Amino acid sequence: MNRSRSLSFFHLPLCFTWAILAVVFLMSEGCRPDPVVNKPNPPGTTALEIDIPPFFPPLDIPPDNPMTVEGVELGRLLFWEKGLSADSSMSCGSCHLPSFSFADPNPVSTGVTGAQGQRNAMALINMGWVQHLFWDGRAATLEEQILEPIPHPEEMNLPWSEATARLDADEGYAARFTMAFGSAEITPDEVAKAIAQFLRTMVSSNSKFDLWRRGQATFTDQEFMGYEIFNREGGDPEMVTGGQFGGDCFHCHGEAGLQFSDYLFHNNGLDSTFSADPGLAGFTGQALDSGRFRTPTLRNVTLTPPYMHDGRFSTLEEVIDHYNSGGHPSSTIDPFMKYNSGGLMLQPQQKEALLAFLMTLTDTVFANNPAFSDPH
Ligand code: HEC
Ligand code: HEC
């Protein structure tokens, strides 16, 4: 059957075959991740190219915030600037710590006033590819997200008017803003743009998984077994159609895009009621969004405990046990949490293999990269 189909392909008129080849060629050209070169740079700035790692999808850079050497340098200074908090004690880097892949090792963060937030500060990694920022997706872009923490009363607690006045009064910053954006007037928008440029340079692609994908490393049998469990359908094939005794992880933390997140919203069965934190529903006001949170990346997950939006699990073993138990049934539990009665039934050896695979996603070169450290 298949054979006769492939034979008939070669009997197509030659010109038609060439047309197909031309289309395939054009498509492959279109898919090739070219380095991003930005066009409209402010006068006098130096365009910065970001090398997109092999197999990564293209990087979307907002046309009104092209990457420049001057912008990134300024963004790094601002990310680490304690003067952007009310009592000058806290910078972005106080909650996003490099050795934890720029996550907070505390379950929830404490702001300058001592007030505690409700949520765990997630890792900052491959930020150019993240979509729907925050656990509830309330910011559409990095630029929009960055406007929040500086004036937020539970975070840096400094009104924007004061933040820009402090920067204005600092000659070094005034000169750098002029170099990066071509005007001496410092606006919240420019602060956000500069930090966003810096965050977009935070690219990680040196985990063992990346090396393996590029043919530069080999997985142990255990790591490969974990990779397969991660990418297989859960369930006993005798009980469920399509069951493969896998972990179902790929449905939401898929390898496509290489960030191990679909950047969509799911209820992964942590709770049966949502009074503590409604998740996406708090932003959309839709009851159907209750308990749904944006899937976090699993890159560098070994460095970012505790886990989940409220940091409720302190180890990856606990996380795996959560999924293996199937999670708590509720009205909005995700259809991919298929075994919320009975569980995935992964055996101890399989759970260990899954953990071994998650460990291959660690990139300590990224966490220790001097280009991202405190420049002050
Ligand atoms: C007091 C601690 C704290 C400070 C200071 C702080 N953050 Fe955060 N950050 C958090 C928390 C907590 C979250 C998650 C909040 C949520 O989802 O509701 C977060 C989320 C983020 C995200 C979203 C990441 C994603 O994947 O969606 C980015 C980006 C970010 N912060 C950047 C910054 C920048 C830039 C600054 C400085 C201007 C900063 N943060 C200052 C605690 C902090
Ligand atoms: C239905 C979608 C879905 C499936 C299936 C799924 N996850 Fe998740 N995962 C999520 C979401 C959403 C979160 C965040 C939930 C929250 O905090 O409320 C999450 C969080 C996590 C975290 C915590 C990361 C962090 O930074 O806090 C880990 C680790 C994790 N998942 C691993 C896995 C593994 C391993 C599997 C397979 C056994 C799996 N997930 C299956 C959607 C899913």
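Glu155 is partly exposed in this predicted model, with a relative accessible area of 33%. That value falls in the middle band, because a residue has to be under 20% to count as buried and over 50% to count as exposed. Glu155 sits in the loop that runs between helix H5 (142–146) and H6. Setting aside residues up to four places away in sequence, Glu155 touches Met90, Gly111, Val112 and Pro149. Gln116 is 39 residues from Glu155 along the chain, and the C-alpha atoms of the two are separated by 8.3 Å.

Stepping back to the whole protein, there are 14 helices and two strands. Of the 376 residues, 48% are buried. The exposed surface comes to about 18,400 Å², and carbon and sulfur atoms supply 59% of that area. Among contacts with a separation of 6 or more, 62% are made by residues 24 or more positions apart.

Helix H3 (residues 69–79) is a good place to look at burial. Eight of its eleven residues are buried, so H3 is largely enclosed by the rest of the structure. The buried ones are Glu70, Gly71, Val72, Leu74, Gly75, Leu77, Leu78 and Phe79. Their cover includes helix H4 (92–95), helix H6 (160–168), helix H7 (171–181) and helix H8 (188–200).

One of those covering helices, H8, holds Ala196. With a relative accessibility of 0%, Ala196 counts as buried. Ala196 and Gly71 are 125 residues apart in sequence, yet their C-alpha atoms are 9.1 Å apart in space. Gly71 itself is one of the buried residues of H3. Not counting residues up to four places away in sequence, Ala196 touches Asn65, Leu142, Glu143 and Ile146.

Further along the chain comes helix H12 (residues 316–325), where the buried residues are Leu316, Val319, Ile320, His322 and Asn324. These buried residues pack against helix H13 (348–359). The pairing can be followed from the other side through Leu355, which lies in H13. Leu355 counts as buried, at 15% relative accessibility. Apart from neighbours within four places in sequence, Leu355 is in contact with Leu316, Glu317 and Ile320. Two of these contacts, Leu316 and Ile320, also appear among the buried residues of H12. In an α-helix there are 3.6 residues a turn, so residues three or four places apart point the same way. Leu355 and Ile320 are 35 residues apart along the chain, with their C-alpha atoms separated by 7.9 Å. Just after H12 comes Gly326, whose phi is positive, near 95 degrees.

A few spots in the backbone also deserve a look. Most residues other than glycine have a negative phi, and most peptide bonds are trans. Phe134, though not a glycine, has a positive phi near 80 degrees. Phe134 is found in the loop between H4 and H5, and it is buried, with a relative accessible area of 15%. Tyr263 is another residue other than glycine with a positive phi, in this case near 55 degrees. Tyr263 belongs to the loop between helix H10 (221–230) and strand S1 (265–266). With a relative accessible area of 5%, Tyr263 is buried. As for the peptide bonds, a cis bond joins Pro305 and Pro306, with omega at about -5 degrees. Pro306 lies in the loop between strand S2 (293–294) and H12.

Finally, there is the matter of open space. Rolling a probe the size of a water molecule over the atoms shows where empty space is left. The second largest pocket has a volume of about 370 Å³. It is lined by 21 residues, and those closest to its centre are Asp60, Gly128, Trp129, Val130 and Gln131. By class, the lining is made up of twelve nonpolar, six polar and three charged residues. Domain 1 (69–203) and domain 2 (208–360) both contribute residues to the lining, so the second largest pocket lies between them.

Note on methods:
Residues numbered from 1 in each chain as written. Chains lettered and ligands numbered in written order. Predicted model: local features only at pLDDT ≥ 70, side-chain atom pairs only at ≥ 80, totals over all residues. Heavy atoms only, no water. 1 Å grid on protein atoms, 1.4 Å probe; cavity = no way out; pocket = protein on both sides within 12 Å on 5 of 7 lines; lining within 4 Å. Points joined across faces, edges and corners; volume = space filled by probe spheres on them. Nonpolar A, V, L, I, M, F, W, Y, C, P; charged D, E, K, R; others polar. Domains from an automatic or database assignment. Helix = DSSP H or I, 4+ residues; strand = E, 2+ residues; numbered from the N terminus. Buried < 20%, exposed > 50% of the residue type's maximum accessible area, 1.4 Å probe, protein only. Contact = heavy atoms within 4.5 Å. Areas by Shrake-Rupley, 256 points an atom, 1.4 Å probe, with all protein chains shown as cover.
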